[in-house]
Amino acid sequence: MYMKALLMKFVMITAVLWIVLGIFYDVSFTNILITSVVLTAVGYVGDVFILPRIGNTWAGISDFVIAYAVIYLLGSYFYEQPIALGTASFISALLLMIGEFLLHRYMDTNIFEPKKANPDEKVGYYNRTNLQTEFAEEFNTDSIAQEKSTDKKFKK
């Protein structure tokens with residue numbers, strides 16, 4: 001299942017970068033593949049380890065920041081032609097963030113184990129929703145028996 005999500009992430013990133021960088025900014029497909037591989041590796045590690053802890057929204061925002069930084073840094077070193085790198089990175093990161101929200105939802109439902117609200121297998125964990133409290137007065141059974149015997153004597 002992890003490999004399926006990794007492949008989905010790689011295809012999504014490559015498609016978005018090819019559309020934005022390749023079609024609109026004439027970046028070579030080799031540079032797009034290099035950027036896609038680096039961005040997939042960095043982002044997937046974050047998705048597997050960070051997504052379950054911080055949730056979909058914050059993971060999407062962190063993916064935006066990571067995508068912007070990686071595209072900008074790799075673009076400044078590898079892309080030959082001069083392009084508006086800040087704008088291209090921003091548009092790519094924004095589209096990737098939208099795709100990441102959908103990928104995170106898929107990972108939450110199909111890859112990660114659901115969190116149990118009340119796990120039965122935990123040792124020392126009590127089911128706190130089934131607790132009951134009883135209110136009663138303590139009584140002495142010997143005194144009740146004596147009262148009954150005295151009551152019988154008076155009734156005669």
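**Figure 1. The whole protein follows the pattern α-α-α-α-α along its sequence.** This is a predicted model. The protein has five helices and zero strands. It is built from 156 residues, and buried residues make up 33% of them. The protein exposes about 11,300 Å². Carbon and sulfur atoms supply 64% of that exposed area. Now look at contacts between residues with a separation of 6 or more. Residues 24 or more positions apart account for 76% of these contacts.

**Figure 2. Lys 9 and Asp 47 meet in a salt bridge.** Side chains of opposite charge can pair when their charged atoms come close. In this view, the N to O distance between the side chains of Lys 9 and Asp 47 is 2.7 Å. What does the pair tie together? Lys 9 lies in helix H1 (residues 2–25) and Asp 47 lies in helix H2 (residues 29–49), so the salt bridge ties together parts that are 38 residues apart in sequence. Are Lys 9 and Asp 47 buried or exposed? Both are buried.

**Figure 3. Lys 9 also forms a salt bridge with Glu 100.** The closest N and O atoms of Lys 9 and Glu 100 are 2.5 Å apart. Glu 100 sits in helix H4 (residues 85–110) and Lys 9 in helix H1, so this pair ties together parts that are 91 residues apart in sequence. Lys 9 has 1% relative accessibility, so it counts as buried. Glu 100 has 3% relative accessibility, so it counts as buried too.

**Figure 4. Lys 9, Asp 47 and Glu 100 are linked in a network of salt bridges.** How many salt bridges does the structure hold? It holds two. One joins Lys 9 to Asp 47. Another joins Lys 9 to Glu 100. Find Lys 9 in this view, then trace each partner in turn.

**Figure 5. The largest cavity holds about 70 Å³ of space.** Rolling a probe the size of a water molecule over the atoms shows where empty space is left. Here the count comes to one cavity of 30 Å³ or more. Which elements give two or more residues to its lining? They are H1, H2, helix H3 (51–78) and H4. H3 gives the most, with four residues.

**Figure 6. Nonpolar, polar and charged residues line the largest cavity.** By class, the lining has seven nonpolar, one polar and three charged residues. Among the lining residues are Ile 13, Leu 39, Phe 64, Leu 96 and Met 97. Gly 43 and Asp 63 are part of the lining as well. Two residues from the salt-bridge network, Lys 9 and Glu 100, also line this cavity.

**Figure 7. Asp 26 lies in the loop between H1 and H2.** What is the sign of its phi angle? Asp 26 has a positive phi of about 55 degrees, although it is not a glycine. Is Asp 26 buried or exposed? Its relative accessible area is 58%, so Asp 26 is exposed.

**Figure 8. Glu 80 lies in the loop between H3 and H4.** Glu 80 is exposed, with a relative accessible area of 59%. Which residues does Glu 80 touch, not counting those up to four places away in sequence? They are Ser 28 and Asn 31. Val 27 also belongs in this view. Glu 80 and Val 27 are 53 residues apart along the chain, and their C-alpha atoms are separated by 7.9 Å.

**Figure 9. Gly 86 has its place in helix H4.** At 25% relative accessibility, Gly 86 counts as partly exposed. Leaving out residues up to four places away in sequence, Gly 86 touches Tyr 68 and Tyr 72. Ile 71 is another residue to find. Gly 86 and Ile 71 are 15 residues apart in sequence and 9.1 Å apart in space, C-alpha to C-alpha.

**Figure 10. Lys 4 lies in helix H1.** Lys 4 is partly exposed, with a relative accessible area of 47%. Compare its distance to Met 107 along the chain and through space. Lys 4 and Met 107 are 103 residues apart in sequence. In space they are 9.9 Å apart, C-alpha to C-alpha.

Note on methods. Residues numbered from 1 in each chain as written. Predicted model: local features only at pLDDT ≥ 70, side-chain atom pairs only at ≥ 80, totals over all residues. Heavy atoms only, no water. Salt bridge = Lys/Arg side-chain N within 4 Å of Asp/Glu carboxyl O. Buried < 20%, exposed > 50% of the residue type's maximum accessible area, 1.4 Å probe, protein only. 1 Å grid on protein atoms, 1.4 Å probe; cavity = no way out; pocket = protein on both sides within 12 Å on 5 of 7 lines; lining within 4 Å. Points joined across faces, edges and corners; volume = space filled by probe spheres on them. Nonpolar A, V, L, I, M, F, W, Y, C, P; charged D, E, K, R; others polar. Contact = heavy atoms within 4.5 Å. Areas by Shrake-Rupley, 256 points an atom, 1.4 Å probe, with all protein chains shown as cover.
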